[in-house]
Amino acid sequence: ALSSRRNGSNVDANAVCEAVCSRFVDSDEDVRKSAIECLRDGLLPAFQDENGASPFVDSIILRCGAALTHVDARVREDAPKALKAVIDFAPRIVVTRRAPRETLSRFNAAL
C-alpha cells in the first residue's frame, strides 16, 4: 500500500499524489499523459481500495478540477481522463464528498 507507516503518517503518499497530480496542468502533452497513466495504473491501485484512497481523493479531484478549468484548451481536453480514472477506482467517494461534487458540477457545466 502507498503510505508511510512511521507515526501513522501519510507523508509519502501525499508527496507522490502532489508530484503526480500537479502534472495534470503541465504544458507538455506527454507529461500530462504520463501523469494520468501513473494515476490510473500506479497511484490509485497502490491505495488498494476506496478506503485506502479516501484520504487523498479530495486533493486528487481538486487537481482534476484545476485541469478542467485551465486556460489551455489542451489541458482541459485531457482533464476528463484523470477524472475518469478516479471515478472508476473510487466511485462512491467521488459522488459523496463535497469537493468532488463541486468539481463534477464544473465538469458538467463545461460540457
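In this predicted model, the side chains of R74 and D72 come together in a salt bridge, with an N to O distance of 2.7 Å. The two partners differ in their surroundings: R74 is partly exposed, at a relative accessible area of 44%, whereas D72 counts as buried at 18% relative accessibility, because the cut-off for burial is under 20%. This pair belongs to a set of seven salt bridges in the structure.

A second salt bridge joins R63 to E18, whose closest N and O atoms lie 2.3 Å apart. Here the pairing links distant parts of the chain, since R63 sits in helix α3 (residues 50-68) and E18 in helix α1 (residues 11-21), 45 residues apart. Both ends are partly exposed, R63 with a relative accessible area of 26% and E18 with one of 38%.

Helix α4 (residues 73-89) offers a pairing within a single element: K81 and D78 are three residues apart there, which means a separation of about one helical turn. Their closest N and O atoms are 3.3 Å apart in a salt bridge. D78 is buried, at 10% relative accessibility, while K81 is partly exposed at 48%. Together with R32, these two residues form a network of salt bridges.

Turning to the chain as a whole, the fold contains six helices and zero strands. Of its 111 residues, 37% are buried. Among contacts with a separation of 6 or more, 62% involve residues 24 or more positions apart. The accessible surface amounts to about 6300 Å², and carbon and sulfur atoms contribute 50% of it.

Key: Residues numbered from 1 in each chain as written. Predicted model: local features only at pLDDT ≥ 70, side-chain atom pairs only at ≥ 80, totals over all residues. Heavy atoms only, no water. Helix = DSSP H or I, 4+ residues; strand = E, 2+ residues; numbered from the N terminus. Buried < 20%, exposed > 50% of the residue type's maximum accessible area, 1.4 Å probe, protein only. Contact = heavy atoms within 4.5 Å. Areas by Shrake-Rupley, 256 points an atom, 1.4 Å probe, with all protein chains shown as cover. Salt bridge = Lys/Arg side-chain N within 4 Å of Asp/Glu carboxyl O.
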